[in-house]
Amino acid sequence: MTKRLDLRVDFAFKSLFGTHGNESILAAFLNAALRFPDEKKIQTVQLLDPHFNKENQEDKRSILDVHAQLEDGSRVNIEIQLNNKHDMEKRTLYYWSKMYSSQMKEGMDYGELCKTITINIVNFRYLSHITNYHSAFQLYEREQKLLLTDMLEIHFMELPKLLIKWRNREVDPREDQLVRWLLLLEASEDEEITQVLEEIAMQEDQILKKAIDEWERVSQDPEVLLAYEARRKALLDEKSALKRAEKKGKQEGREEGREEAIKTMAIGMIQEGIASNVISKLTGLAIEEIEKLRHQ
């Protein structure tokens, strides 16, 4: 069997879920993610231009998002993130606001604005104080828990948490369709998951079967593979850069902490009346710096 694309790479995710002709696959995922009751199930979705942030043409992030409109006019944006840039909440609010405000046209009434939903699928642990792999946020009054408006909805789906639950047999893709779709994103790296999902697809889920067949097809498309490999390399480079920055930050933090400890020790020696030249020998601080500490 041909090695399939890693669907956690945003380019591959969009190739499957955000491509014209695959709207039924996206609708099935959104029905599972948004937990709509049967009478409100999404039947069709319309894929929209992802460049809703017209003010910043240099921002290429939204190109690889999946941006869609539901039958009731609601807007949904799905972003998948491999690397933790430690700015998710601010970025999410910013792009939610751009997507919400992009609906407004000249002469339009505010009452015509539609619900806007952001779904963030992340390949790292983000909400450390929450054990659930799927968290949904709205605007509530803090004490009364009163919903102010349903116009804002932000979801986080943390794949590492889901995998732990899968390995502990705490979730079952046969019973939970969201588990089914999210595990599909992990399937390229896990033969057991692939086998289980293929069985479900053959036995009961025609849309999942369509998704797996399409996934197989795009994984053999030479043009898709070229673009996919370029994007995957860029993400790996980004991950390496983030690790280097984090390592440098930790090292600088340790050095700053060591310097502070030495200064604290020197101040204690000064208070005990120890001579500056002795303090210099013991701490390595210059005489000039010790004299500055004496006069603080």
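The following paragraphs describe the aromatic ring pairs of this predicted model, together with the charged side chains that sit over its rings.

Under the centre-to-centre criterion of 6.5 Å, the count of aromatic pairs comes to eight. One of these is formed by phenylalanine 13 and phenylalanine 29, whose ring centres lie 6.5 Å apart and whose planes meet at 85°, an arrangement that is edge-to-face. The pair links distant parts of the chain, since phenylalanine 13 belongs to helix 1 (residues 10-17) and phenylalanine 29 to helix 2 (residues 23-34), with their positions 16 residues apart in the numbering. Phenylalanine 13 and phenylalanine 29 are both buried, and ring pairs join the two of them with Phe17 and Trp181 into a cluster.

A stacked pair is found in tryptophan 96 and tyrosine 100, because their planes stand at 10° to each other, with the ring centres 4.9 Å apart, and planes under 30 degrees apart count as stacked. Both residues of this pair, tryptophan 96 and tyrosine 100, lie within helix 3 (residues 88-101), where a spacing of four residues corresponds to about one turn of the helix. Tryptophan 96 has a relative accessibility of 12% and therefore counts as buried, the limit for that class being under 20%.

Charged groups are also placed over aromatic rings in the model. The charged end of arginine 4 sits over the ring of tryptophan 215, at 4.9 Å from the ring centre, while the charged end of arginine 169 sits over the ring of tryptophan 166, at 4.7 Å from the centre of that ring.

Terms used. Residues numbered from 1 in each chain as written. Predicted model: local features only at pLDDT ≥ 70, side-chain atom pairs only at ≥ 80, totals over all residues. Heavy atoms only, no water. Phe/Tyr/Trp six-rings, centres within 6.5 Å; stacked < 30°, edge-to-face > 60°. Helix = DSSP H or I, 4+ residues; strand = E, 2+ residues; numbered from the N terminus. Buried < 20%, exposed > 50% of the residue type's maximum accessible area, 1.4 Å probe, protein only. Lys NZ or Arg CZ within 6 Å of the ring centre and 35° of its normal.
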